[in-house]
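Take a walk through this fold, from one strand out to the ligand and the loops. Keep the model open as you read.

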Amino acid sequence: MTERTFSIIKPDATRRNLTGKVNAVIEDAGLRIVAQRRIKMTEAQAKKFYEVHAERPFYGELVEFMTSAPVVVQVLEGENAVARYREVMGATNPAQAADGTIRKLYAESVGENSVHGSDSIENAKIEIAQFFTDADIVG
Ligand code: CMP
């Protein structure tokens with residue numbers, strides 16, 4: 001089934017000028033980038049985006065990191081896009097990520113792990129709506 005998922009290219013990747021390299025992995029995996037914008041996340045945006053992690057010990061650090069440099073927010077479209085992108089990203093901890101995945105190739109640590117991808121279709125819809133309107137998405 002054709003689906004959409006939400007992706008963020010995180011500050012550790014934009015800082016190292018890896019946007020194009022990450023996008024190449026995404027496109028080589030058969031996912032289409034149907035919306036994309038480079039932004040500097042505000043503290044309010046990052047806090048809201050990660051509010052499910054508010055009680056975790058790393059929440060403050062995560063918000064600080066996500067606002068530390070530009071990010072690229074994206075909508076990806078394709079067959080089973082949510083699961084496919086999670087496969088392409090690799091495990092959250094790059095030490096456990098499979099060969100060829102974005103995190104194996106580029107991530108620096110469990111916190112500075114280059115990309116985010118939605119974990120379900122429901123969350124993809126919620127996350128996409130935080131950064132894009134329907135008019136921004138050109139499939
Ligand atoms: P992400 O998919 O964006 O969703 C939550 C993020 O929290 C996750 O990627 C990691 O970047 C971050 N995270 C998860 N575990 C840790 C941890 N132990 N320390 C710091 N950051 C973490």
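**From a buried serine outwards**

Leaving aside its neighbours within four places in sequence, Ser118 touches Thr5, Phe6, Val82, Arg86, Asn123, Ala124 and Glu127, where contact means heavy atoms within 4.5 Å. This is a predicted model: local features need pLDDT of at least 70, side-chain atom pairs count only at pLDDT 80 or more, and totals for chains, interfaces and linings use all residues. Residues are numbered from 1 along each chain as its sequence is written, and side-chain values use heavy atoms, with hydrogens and water left out.

Ser118 sits in the loop between strand E4 (115–117) and helix H7 (121–131). Helices (H or I, at least four residues) and strands (E, at least two) are DSSP runs, numbered from the N terminus. Ser118 counts as buried because its relative accessibility is 1%. Buried means under 20% relative accessible area, exposed means over 50%, and partly exposed lies in between (1.4 Å probe, protein chains only). One of the contacts of Ser118 is polar: its side chain meets the side chain of Glu127 at 2.8 Å. A polar contact is a pair of N or O atoms within 3.5 Å; within protein, one must be able to donate a hydrogen and the other to accept it, and residues adjacent in sequence count only if both atoms are side-chain atoms.

Phe6, a contact of Ser118, leads to the aromatic residues. The structure holds four aromatic pairs. In one of them, Phe6 and Phe49 are tilted, at 5.7 Å centre to centre and 55 degrees between the planes. The two rings come from distant parts of the chain: Phe6 lies in strand E1 (residues 2–9) and Phe49 in helix H3 (residues 43–49), 43 residues apart. Rings of Phe, Tyr and Trp (its six-membered ring) pair if their centres lie within 6.5 Å; planes under 30 degrees apart count as stacked, over 60 as edge-to-face and the rest as tilted. Phe6 is buried, at 0% relative accessibility. Phe49 is buried as well, at 7%. Phe6, Phe49, Tyr50 and Phe131 form one aromatic cluster.

Now follow E1. Six of its eight residues are buried, so the strand is mostly covered. E1 pairs with strand E3 (residues 71–79) in the antiparallel sense, over eight bridges. Two strands pair if DSSP finds at least two bridges between them. Ile9 has Val72 in E3 as its bridge partner. E1 also pairs with E4, again antiparallel, over three bridges. Here Ser7 stands opposite Gly117.

Tyr50, a member of the aromatic cluster, also belongs to the ligand surroundings. Which other residues surround the ligand? They are Lys10, His53, Phe58, Leu62, Arg103, Val110, Gly111, Asn113 and His116. A residue is counted here if one of its heavy atoms lies within 4 Å of the ligand. A polar side-chain atom of Tyr50 lies 2.6 Å from a ligand oxygen. For an N or O atom in the side chain of Lys10, the distance to a ligand oxygen is 2.8 Å. For a polar side-chain atom of His116, it is 3.0 Å. Taken alone the ligand exposes 450 Å², and the protein buries 78% of that. Accessible areas come from the Shrake-Rupley method with a 1.4 Å probe; for residues, only the protein chains shown count as cover.

Two loop residues remain. Asn17 lies between helix H1 (11–15) and helix H2 (19–28). Its phi is positive, about 65 degrees, although it is not a glycine. Asn17 is exposed, with a relative accessible area of 70%. Asn80 lies in the loop between E3 and helix H5 (81–89). Asn80 has a positive phi of about 45 degrees and is not a glycine. With a relative accessible area of 41%, Asn80 is partly exposed.
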